[in-house]
Amino acid sequence: MLLKRFGLRLLVLLSVLALIAAACGGDSDDEATDDTTPTEADDVEESTDDEADAGAEEPEGSDDADVGAVDGEPVAGGTLLMQSTQVPRHLNGTVQSGYATAVPGTQLNASPLLFDEEFNPQPYLAESWEVAEDGLSVTLNLVDGAVFHDGEAITSEDVAFSITTARDNHPFQTMFAPVASVDTPDDLTAIINLSEPHPAILLAMSPGLLPIIPEHVYNDGQDIKEHPCNAGTECFVGSGPFQLVEYEAGSIIRMQAFEDFFIPERPYLEEIIIEITPDPATIVLGMENGTTDLTATMGSAANILRLQDNEDVIVTADGHEAIGQVQWLEFNLSDPALSDVNVRQAIADAIDREFLADVIDQGTTFPVSTGIVTASPFHNPDAEQYGGGVEMAQQRLADAGVDPASISLAVDYIPPAQLPYAEYVVQVLQDIGFDASVNTVPDFPTWAARVSGGEHQMTINNVWNWGDPVIGVHRTYLSTNNVGVIWTNNTGYNNPEVDDLLTQAGAEFDRDARAALYADFQVQVNEDVPIVFLTTPPFWQAYQPKVQNPPVGIWGHMSPMHDVWLSE
Amino acid sequence: MRRIAVRIAQSLGLILAVVVLNFTLITLAPGDAAVVIAGESGAGDPEILEEIRQEYGLDDPFVVQLVRYVGNVVRGDLGDSYFFEEPVTGLIADRLWPTILLVGTALIFAIVIGVLIGVFTARRPESPVSHGVTVFSLVGYSMPVFWTGLLLIIVFASQFQLLPVSGMRDPRFEGNRVQAWLDVAQHLVLPALTLGLIYLAQYSRLSRASMLEVLQSDYVRTARAKGLSERIVVYKHALRNAVIPVVTVAGLQFGALISGALLVETVFNWPGLGRLAADAVFRRDAPVLLGVLLASATLVILVNLLTDVVYRIIDPRIRVGGASG
């Protein structure tokens, strides 16, 4: 009897607790969806799940009215706490690409130029610059009085050293490949001599791509890729608005305002802390609690939508336009079935980009029809877009005499974030009539090995434009860049006409003429369909309302935050 | 003493076996480390891949790589991380202390509270509290550790905001050493509770069953007949025997506890070995993964060795008879 009465009490108690838990946990559905621990791809050059290029459209849910709003006069001081899933290998951006290095790197090191919202260069460490009429040299005039964090003057020799270091070591070899030499007639003048006209060199002098590093620290005979001063507080010496005071690999980066920064009365912030947090859901909780000030790595669409519903947090797709993330389906053209352009065009016909953006990504991405994102001045909206539907695909195959039932196709993807895309593509392939399946691999390295080794048939991929097509676009299509490494020409695409167009565009200083060449390039690629372009995910970022002058420029968080201040 | 020396020698042999086995399994796993390393840099070409293979000795025969690795480990050199390009020993040293703190706190919490609950419920086995503890134990045992962590975060960190969401310390913290420790302690509550709850449930059940058995034994009846107080009988005479199975199981389960820490550290962004291992797996950073496996295996072996020692202290029969160990 006693036991029975106790059981009843317990039942009532549990029911009450369940009700309380249900009432308190209103957002738990969102939280329990597809949040994942970061994949390998999160840590390398091109993340798969949370960032990217903002298209021309303003996404729903973006708190655009508040973006960049400035409340009152700037106030100096305060600590900005950022959380990021991205883990930098080290902090030397002259030899290491990627968001993870560039975010702290652009606080620690200055670059010659900044860029406005129209992708036009603006003064930074170079107070002025001049491109020679023949396009074969660029002269930089440096700010007088700029010093490194150890007090040594920043001179043209440091600029020359940084450029040649990046040219010889940075993974994006196209950035400075035409640099023949750098002359330094005086301490404040650097003349970059080019072997051929190279318009991309201006954007390549952005903060995230060309940090100015001290020659007196790094030019000591050691291999700069493994130099002990690439990370760690013992000997890291920067040129930017903040100096490194704490670095724990994969855990925390603490930076304090540099008092002798060359821009007077900047930075406003006293300190920036980047806390590496592998789980995006934890970051979202930090934003909700108000403990985290700023983030651009929120993970899944569910997390973004959840924060959009929070009136105390500003969520925006503004910023990072230069990154230009594109998610696509790429074919291995050495595969017998996929070497047939009719098969590739049929697959492009059947894929519904709107469905991917609106349903799978819940409106947090946009359809994209070429390999150059819509925010770029070189995007061509008139290139063939396909998307006519499954019936059109079937008709195209029938006209070409291809029997899809006789063809087996497997779709790879970067695990785990791109699985929904892969499953969708498999469904489309089956609808057309192919025998299709998803090829699941355990991790990013396995995927990278398969794709770079050409063992795949087709894969979902995610590649960044990196501002100028020479830097982020050419690498995928140039026939000379099929080098067996991920994020190069892994399709095996070889079209001499495209090679020629890219070569011409890469050397054309006139923007209109250059745009025309890239327009032709996009038309040609879309005819050949080595890749079906799917979506472009904006690089969503969230910040607390107290964050003023938030980093919403074309490089977003990969730009110096010397103008950011806190209103509380 | 001789027995313990033998156990130490056995432990060293076991660690060596772990090193060889781990290296073999990870080296034979699919995937080209050179491609991964090149990929981390963003790009490269076949010449770069070849350079990487030569630099890291990846093009050497497996046996050569194994002998070299074992030799380096014996000298205390665990190699450099493919990703961070830093010595693995430094990375592990940074992460070992947080893991020991987390696992140690969870273990002590689980044993102390679990045994107390077990004793309490064994003394009144049919009371409502005893049944409540049984239900609680069942629930605690059934809940996956990451799920418990998420629930605790939702309740204590998100809804009521009583405790921090994640991390080991407040990055913005400024204060003296004592305040710093309090800050760490505050961050430790939820992860240690999460990790400890599942073992608390087990230990309370185990000690309850053990205590019930011991309380029926002749020597306890004798103690009561001698007129000793119930508190002395239970906590001085019965508990010592009742706790032996708990110590045994705790030692055996330490490996599982480390595994649980991996999940907890990920959920709570606790900067320990578990998170380092998880990241290393995703990055195919073999030197770091091997180092973490070695460190955790050494910890488990050490704890088991300590368990043997403790076992001998609390159970004189083993000391005298040399019955097991």
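In this predicted model, helix α14 of chain A, residues 444–452, has 9 of its 9 residues buried, so the helix is largely enclosed by the rest of the structure. A residue counts as buried here if 20 or more other C-beta atoms lie within 10 Å of its own. The buried residues of α14(A) include A:Phe444, A:Trp447 and A:Val451, and also A:Thr446, A:Arg450 and A:Ser452. Just after this helix, A:Gly454 adopts a positive phi of about 70 degrees.

Helix α17 of chain A, residues 496–506, has two sides to consider. Its buried residues are A:Val498, A:Leu501, A:Leu502, A:Ala505 and A:Gly506. These cover an arc of only 125 degrees around the axis, which means that they lie on the same side of α17(A). An α-helix has 3.6 residues a turn, so residues three or four places apart point the same way. On the other side of α17(A), A:Pro496 and A:Glu497 are exposed. The buried residues of α17(A) pack against four helices of chain A: α6 (200–203), α15 (469–472), α16 (474–477) and α18 (511–528).

Chain A also contains an open sheet of 6 strands with mixed pairing, in the order β14-β18-β13-β17-β15-β16. At its edges stand β14 (366–367) and β16 (435–438); each has a single partner strand, so one side of each is left without a neighbour in the sheet. The partnership between β15 (residues 408–412) and β16 of chain A is parallel and runs over 4 bridges. Within it, A:Ala410 has A:Ser437 of β16(A) as its bridge partner. Helix α13 of chain A, residues 419–432, packs on the sheet and touches β13, β15, β16, β17 and β18 of chain A. The direction of α13(A) makes about 170 degrees with that of β16(A). Another helix of chain A, α11 (residues 353–360), lies across β14 and β18, running at about 30 degrees to β18(A).

Nonpolar residues come next. In soluble globular proteins, nonpolar side chains tend to be buried together. The largest nonpolar core here has 242 residues, and A:Ala204 and A:Val532 touch the most other members. The largest share of this core, 14 residues, comes from helix α8 of chain B, residues 177–215. Beyond its neighbours within four places in sequence, A:Ala204 is in contact with A:Met175, A:Phe176, A:Leu209, A:Leu210 and A:Ile471.

Chain B itself has 15 helices and 0 strands. Of its 325 residues, 40% are buried.

Technical notes
Residues are numbered from 1 along each chain as its sequence is written. Chains are lettered from A and ligands numbered from 1 in the order in which they are written. This is a predicted model: local features need pLDDT of at least 70, side-chain atom pairs count only at pLDDT 80 or more; totals for chains, interfaces and linings use all residues. A residue is buried if 20 or more other C-beta atoms lie within 10 Å of its own, exposed if 12 or fewer, and partly exposed in between; C-beta atoms are placed from the backbone. The arc is that of the directions from the helix axis to the C-beta atoms. Two residues are in contact if their C-beta atoms, placed from the backbone, lie within 7 Å. A nonpolar core is a set of buried Ala, Val, Leu, Ile, Met, Phe, Trp, Tyr and Cys residues joined through C-beta atoms within 7 Å. Two strands pair if DSSP finds at least two bridges between them. Axes are lines fitted to C-alpha atoms, for helices over the stretch in contact, and angles run from 0 to 180 degrees between N-to-C directions.
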